[in-house]
Amino acid sequence: MCGIVGYVGKDTERVLIEKLKQLEYRGYDSAGIAVKAEQKINVFKAKGEIKNLEKTIVPLKDAQFGIGHTRWATHGKPDEINAHPHVSSDDKWVIVHNGIIENYLEIKDELTKKGMSFYSETDTETVAKLLEFHSRKVEDKMEIISETCDTIKGSYALAILNKETNGIYFAKNKSPLFIAKKGENVMIASDVICFYGFADEYYSVEDGEIGYTDANTLVFKNKFGEVVKNPIKCDFGNYNNANTYKHFMIKEIYETKNAIKNIIEYYSQEENRNKILLRKLDGIKRIKIVGCGTAYHAGLMGSKIFEEKLGIECTAYVASEFRYQDPKIGDDTLVILISQSGETADTLAAHEISKQKGAVTLALVNVEYSALAKSADISVPIKAGVEVAVASTKAYSSQLTVLYILAGLLREKFIGDKFNMADVEKLYNEFDYGNINNFKLLADVFQYNDKMFMIGRGADYCTAQEASLKIKETSYINSDTYYAGELKHGFLALIDEKTYVVVFATEKNVLSKTLCNAEEAKARGAKIILFTCFDLEPSLTENFYFVIKVKELGNALQAVLNIVPWQIIAYYTSVNKGYNPDKPRNLAKSVTVE
Ligand code: F6R
């Protein structure tokens, strides 16, 4: 969703635009920058893509520093007026903001009564106006910012310019914000990825902190005074903009095998396993797994693995439901929160509720510096490396792999069976990306289709859910998922000769049942695409439209091998249809609002 950048240094506009482009993957619908040059703050904003913003920028002499923003509309439509930066009425304060000011209507009301007027529908504008309001009675800029932060409620990462100061102020609560300084140049960003090519280390701004930076200064303060921080090493993994792939999505799918290698290396080290094994987890009687979208699908699969390996109750929940359900949890509950970004608003809220109710929380995250990773009792990294494409691919495979390891480690802890990496090593050794020509053939067919079904039983149902989501979000095809056994209970009525039904059949104990369901759909005219890991008698599959066969692993990590072909098929279907698979319409990479 929204992105923030700030820069102190020459060529300010160019650097801000370059960095905003690096944040594009998070999703946005307008953008803007504010640059101090020629003794004034110059603001440029545009609806739509950053290239529209670029067209509005006039050359500036002696630009010294500035701030920029990509906005994903929450309060007010996506237009130029609502785009950030927002400016106070006296033109002295210019701000960009990520997050949501929950009491903005109250503040707006108060300030309107005091004679102030508003030009936008945003919550952010109230912060610019509040800064102006507080500066009527207070001189010191940091104090003005501190008072403003005391007045606002909600989440915010703020980068702030003031007409009279030659630097950038900042403040943070619940929304991520980071700063890197290299010589006289400073970069502020809501995503560490912006530091790629700029710095090797950065500072993390913590909740409740405000600060100021210019060519010579970088200061952080909280309510107790100045804060001295240690820099954190940047870890960009295999992130590289100048890659040889046409899109991040396909690049990231092809990074899956390497991600599994990273996972094996990380969890083979005793000190990393001990982060789980040495935790006090006495009295845990049940496990709840919580996530959104793809992370939820990983959780669904995880709940099966945990129940099988630990023999205790384990249920997966969608975070947006969990948080409002008054979940039955207490100090006998381990809540596992899965999130690639570690910034998803619903998952963070689910974490907060779990803590309030006394549960032990464990975050399974890709972004190791994220809010979720920092706030959970135990943080378990999935080691997938930076994921840029909105559609999650290698992160899902890594989530499944780490859930499998986690279940093994908890089994060692609770039951005493020593965990070993053999199954995961087998996954790595057997891993391949499948027959790409076959996948492209299917993508050629799917591009002309606007309705399909994916069915399966047990773990196959979870794969069907995730495969279906990939097709939906990248190719805008209405792909629905059902338990195979539910066919006769309703959705058979939807099947005709134009319907493609993908049948996932990699669960041995229900194979014959699932094949029967495939026949039932076939008998009603459906074109069956059978997905299996078994060598089936030719007579069993000769009536089917297409068969995809993957290797048989013989354990729950089969799910990792099963999803990759569908990620590739979704990618090529999207490309065939002329869409950008990296940026599906209306979606954002990290969903930081409810
Ligand atoms: C789908 C996808 C989303 C995310 C979901 C949760 O491809 O990427 O469904 O999985 O928005 O995001 P995280 O994992 O960052 O919490």
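**View 1. A526 counts as buried, because its relative accessibility is 2%.** Buried here means under 20% relative accessible area, exposed means over 50%, and partly exposed lies in between (1.4 Å probe, protein chains only). This is a predicted model, in which local features need pLDDT of at least 70 and side-chain atom pairs count only at pLDDT 80 or more, while totals for chains, interfaces and linings use all residues. To help you find your way, residues are numbered from 1 along each chain as its sequence is written, and side-chain values use heavy atoms, with hydrogens and water left out. Look for A526 in the loop between helix 17 (511–523) and strand 24 (527–532). Helices (H or I, at least four residues) and strands (E, at least two) are DSSP runs, numbered from the N terminus. From C-alpha to C-alpha, A526 sits 42 Å from T74, and 452 residues separate the two in sequence.

**View 2. The largest pocket holds about 830 Å³.** It has 38 lining residues, and S155, K174, A345, L348 and E352 are the closest to its centre. Two or more lining residues come from each of strand 6 (93–101), strand 7 (154–162), helix 11 (345–356) and helix 12 (371–375). Helix 11 contributes the most, seven residues. Sorted by class, the lining has 15 nonpolar, 11 polar and 12 charged residues. For these classes, Ala, Val, Leu, Ile, Met, Phe, Trp, Tyr, Cys and Pro count as nonpolar, Asp, Glu, Lys and Arg as charged, and the others, Gly among them, as polar. The search uses a 1 Å grid over the protein atoms alone: a pocket is an open set of points with protein on both sides within 12 Å along at least five of seven lines, a cavity is a set where a 1.4 Å probe fits but cannot get out, and lining residues have an atom within 4 Å of a point. Points are joined across faces, edges and corners, and a volume is the space filled by probe spheres set on them.

**View 3. The second largest pocket offers about 680 Å³ of space.** Of its 31 lining residues, D235, N366, V367, E368 and Y369 lie closest to the centre. The lining splits into 12 nonpolar, nine polar and 10 charged residues.

**View 4. The structure has one cavity of 30 Å³ or more.** Its volume is about 110 Å³. Fifteen residues would be a lot to label, so to speak; a good starting set is C2, W72, T74, H84 and G99, the closest to the centre among the 15 that line this cavity. Strand 6 supplies the largest share of the lining, three residues. Four lining residues are nonpolar, nine polar and two charged. As a reminder of the idea behind the search, rolling a probe the size of a water molecule over the atoms shows where empty space is left.

**View 5. The ligand has 14 residues around it, and S339, Q340, S341, T344 and E473 come nearest.** A residue is near a molecule if one of its heavy atoms lies within 4 Å of it. Helix 9 (293–310) and helix 16 (459–475) each give at least two residues to this shell, which is made up of five nonpolar, seven polar and two charged residues. A polar side-chain atom of T344 is 2.5 Å from a ligand oxygen atom. Backbone atoms join in too: a polar one of S392 lies 2.9 Å from an oxygen atom of the ligand, and an N or O atom of T294 lies 3.2 Å from one. Taken alone, the ligand exposes 410 Å², and the protein buries 90% of that. These areas come from the Shrake-Rupley method with a 1.4 Å probe; for residues, only the protein chains shown count as cover.

**View 6. The side chains of T361 and H351 make a polar contact of 3.0 Å.** A polar contact is a pair of N or O atoms within 3.5 Å; within protein, one must be able to donate a hydrogen and the other to accept it, and residues adjacent in sequence count only if both atoms are side-chain atoms. T361 belongs to strand 19 (residues 360–365) and counts as buried because its relative accessibility is 0%.

**View 7. Backbone geometry at P85, Q39 and N586.** Most residues other than glycine have a negative phi, and most peptide bonds are trans. The bond from H84 to P85 is cis, with omega near 5 degrees, and P85 is in the loop between strand 4 (65–71) and strand 5 (86–87). Q39 has a positive phi near 65 degrees, in the loop between strand 2 (30–37) and strand 3 (40–47). Q39 counts as exposed because its relative accessibility is 69%. N586, in the segment after helix 19 (558–576), has a positive phi of about 65 degrees and counts as exposed at 66% relative accessibility.
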